[in-house]
Amino acid sequence: MTSFQAEFAPSKAAAATPMRAARLREPFSIAPWIYLAPTLALLMIWTYVPLVEAFKLSFYQWNMLPTSPQRYVGLKNYERLIALPEMRNALWNTLYYTLGLFPMSVIIPLFVAIWTQDLTGRARKIYRALIFVPMIVAPVVAAILWRWLLNEDQGIVTLGLDWLGFDRIGFLTDPRYALATLTWITGWKLIGFSTLLFSAANAGINSAYIEAARIDGASRWGIIRDIRLPLLSPTILLLSMMTILFGAQWSFAYIRVLTDGGPLKSTTNIFYLLYQYGFETLSAGWSSAAGMIAFAGFGLLAAGCMWLTKRFAVYDN
Amino acid sequence: MTIENPASSPEPSSMTAPGLVRRLAVHAMMILLSVLSIFPIYWMIVTSLRPANEIFSTALWPASPTLENYAFVLTRIPMLQMLLNTAVVAAFTAGLQVVTGMLAAYALVRWRMRLSGVVHGLIALSWLVPFQVTMIPNYVLASQLGLLDTLTGLIIPNAAHAFAVLMLYHGMRSFPSEILEAARIDGARSWKILWQIVVPNMGAPIASLSIIAFISAWNEYFWPLLLSRKPENSVVQIGLQMFMTQEGNLWGPLMAAACLASLPILVVYLVLQRHVIESFMKSGIR
Amino acid sequence: MLRRTSLKLLTALAGSLLVPFGALADMAATIDKPVTITFYNYNLASASAGADATKELIAGFEKKFPNVKVEPIAVPSNEIMSRVQADIVAGRQPDVAQLVFRDLIYLATDLGANALEDMVKPAELKDHLAGMIPNGLELGKVDGKTYGLAYTFSTPIMFYNADLFRQAGLDPDQPPKTWADVAAAAKAINEKTGKNGFFPGAYGPADGTFVYQSIVMSNGGKVRDGNKLTFADSNAAEAVKMLHDMVVSGAHAKIDPASASDTFAGGNMGMFLYTSALLSSLKKSAAGKFDLRLAAMPSFGSKPTAPTNSGSALFVFSKDPLKQRASYELLKYLTSREAYTIITSKIGYLPLRLDIVDDPNYLGGWVKENPMFRANLEQLNRLTANMAFPGANYRQVEKMMMDAVREAVFGNGDPIAVLKTAQEQAQDLMP
């Protein structure tokens, strides 16, 4: 397989060169800014201006009412939030959510997309459609459905466990299981989303490469390893990045509906903690500071991820 | 789907015995995943058909199925109006996200600007701004612009999204550059290249993005909650919430409403999903 | 930039329009010209009977006062406070709002709710409040002034499953009266039937603090004394320890607090202490499944119980004299005998005017048909004010307290030590 890889890689590099060179030579032009204008304008108005305002407010104590004064408190809002006793616990849980989501947001969907590609048309369509279905229910409905299924006294899962001879499990009430349960529910809604993205990317792979490899006598796994996976790498990286950056936010709706961070604080995460102590208050200072911490923290992570993406993504140029 | 994409047709090895075992294993895996995916949804449908005193039963099918929950939903809240509102909001949001995203992604792929790194970063970072930070200022702005209690107010703030730009950007990066080059050498204007060459070949990313954008707009809850003041000007997520009362949830109607709210998305998915696959066969280049 | 300046402008403008609190202009004596007032209401944001009854009340009011148009704004109860605040920030002054008691102090001190004593002439106010339960009126007061006029509310009540009582060899006609009885009965149910014995709706995010506070106050405890937190002090902590001991003995179920009412409705729990407003929905799920009964909330030995309330009060924010008059008339209408007849019989909340209970023109007939409701009415005599927390961080304080209570009841540590630690931490957030 290495021979094929060697053949494949340089041709790709060669193809990429003229484009790069052509782009470098281009003089300044107003055209791209016109194309960018709608997106940038909308993001400025609805996201960045409020963000700048929030940055300022994060140093004040203010209840947002026109009639009451804004009091400058320096870094006090930040200090208070960072010193929250649950902070360390929430950070660990955030890591758990992120790692726990990976199989469901990246690995399983990746293989579903690749494997189902080999199936004949109808079966492929049916599987992909069924796996996609969880995405169509609203998060809050998904949360209460699972709460119902997992109910310790009358949930169908409990009945199933009984039937198999297992003891009942406090999926949402036992601190040992609650975090895993919430990770599963979050992931359950994600598999369809990721499968959709992988299927689109997988279907987009130029079939000439696969044909060429097959003629070269490449094995099935060889094709996956040397062609499909590298060409799917932008999507893999995109979804990995999204899992890292948004795992905490995705689980938010489920924590809020199902456990409120409990039992015994075992399911809270960084985003939920900030939500409870920051956003849920009516104080502009606390909520802005909480927003800034979340933004800055995940911003740093994002910068790291983007750097990795640039290094490792393979484009079929 | 009449023509099979060569890449997707069963490969020759699958005719042999180990191939058969492998295929069976794949089917088994897929069936397991499908059941896990679909069962809670099945439960939602079954519960919506249960009468009030059977709600907590664990029978797989109700003893006396009824449509009374659906009747309750349709008569107690303006459900049809809400579904229509949500469809309008979701369709426009998805459409606008595709258009703004396409334009921005094209600018980033086609031109190499000195600031393109900064622009790319700004767009991507906007995704990380927690909604709670922008909520109140945006509410004040929407109120000043007279957008409270309007569908426009639900659409405009979401008309551009970092995910749309990034996803289309990725899609376009995979676009064979020779074709762009050729078109440029022919002297085609950038606008023409975009609409006549790039867009027609971006079927899969556009369809996937439309599905995702449509669904997330459909499931959006916080912004409509803040913006709408009357149930008849509101969206279906707010409608669902109306069955979760202070005094506990009205399970039967809630599940019936959830079924009604999920059905349109399933249709959109099935229509566009086909497009995801088909678009590759139509585009003559591959 | 444009937005920021306009926001500032708007803020300044809104500021200049607002009359400083306390120095209100005189409320108009009559409604002599057409006026529209907004009414923020959470019953309207649900599809339950509460919405229908509220619509009926608003229609009745508009008929009585043809000059007033009520613009209802429906917001779910857990979001209504943020909406009121957002609208004040956006310069849309709300007129009347139905809000819960936990936010009482913040509403009075920060959001500029009008004190009725400042707005209404003493004689007129006295005239309307006559006949309302004094303990009920006490609930909406901050420093002696009425900011919230108690509107819809309910107290904790013990729902029990008489079938499970029989199966456990207990007499369903003799429901437990004290906590010791509850512990014994619950243990018997748990051991004999394998079902859950007892659970209070006191730990979930949806029920706030009222069931917990009722238990604590029934033991002579208090969650705070002025600005000093006391939820870890002797009587309050003892009450929580009692719950913890019941968990240890197996009498108190260890289930998901958010689905406790479903577990009870599904026939899998013996006793459930929760808001009386749940009655109508529990009746529906129990129909044909099990024998649902009601008892008063249990007491600590011979100490009288101190049921506190969940529910809402009406707040007036209008600054304009004419709108104030219209708002006040709406308040009067919504807390009248006629209104409470509708509120009690159609939604299931308690009437704050006890003189209508046996009056055949009002609730008389309904109470006769619903004798179960008596246990609930009887508790009104001992109604104790639920305590809201003061200061800008009141919601965090409340959360820290409830987290600690959950940990003390369900955790393995020493319950009193857990409460003590939380009390010290939360005290820093008090004013």
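Which helix of chain A does A:Pro50 lie in? In this predicted model, A:Pro50 sits in helix H2 of chain A. With 25 C-beta neighbours inside 10 Å, against a cut-off of 20 or more, A:Pro50 counts as buried. Sequence neighbours within four places aside, its contacts are with chain B: B:Val133, B:Thr134, B:Pro137 and B:Asn138.

Those contacts lead on to the A–B interface. Here 84 residues of chain A touch 74 residues of chain B. Helix H2 (residues 31–57) gives the most to the chain A side, with 15 residues. Sorted by class, that side of chain A has 59 nonpolar residues, along with 18 polar and 7 charged ones.

On the annotation front, an unreviewed UniProt entry lists "transmembrane region" for residues 30–49, 95–115, 127–149, 190–210, 231–255 and 284–308 of chain A. Two of these stretches can be set against the model. Residues 127–149 of chain A come out as 74% helix and 0% strand, with end C-alpha atoms 23 Å apart. For residues 190–210 of chain A, the figures are 86% helix and 0% strand, and the end C-alpha atoms are 29 Å apart.

Turning to chain B, the domain assignment splits off domain 1 (12–69) and domain 2 (73–282). Their C-alpha centres lie 30 Å apart, and 8 residues of domain 1 of chain B are in contact with 8 residues of domain 2 of chain B. On the domain 1 side, helix H1 (residues 17–48) of chain B gives the most, with 4 residues. By class, this side of domain 1 of chain B divides into 4 nonpolar, 3 polar and 1 charged.

How values were computed: Residues numbered from 1 in each chain as written. Chains lettered and ligands numbered in written order. Predicted model: local features only at pLDDT ≥ 70, side-chain atom pairs only at ≥ 80, totals over all residues. UniProt positions renumbered as here; feature names shortened; annotations may be inferred. Helix = DSSP H or I, 4+ residues; strand = E, 2+ residues; numbered from the N terminus. Contact = placed C-beta atoms within 7 Å. Nonpolar A, V, L, I, M, F, W, Y, C, P; charged D, E, K, R; others polar. Buried ≥ 20, exposed ≤ 12 C-beta atoms within 10 Å, placed from the backbone. Domains from an automatic or database assignment.
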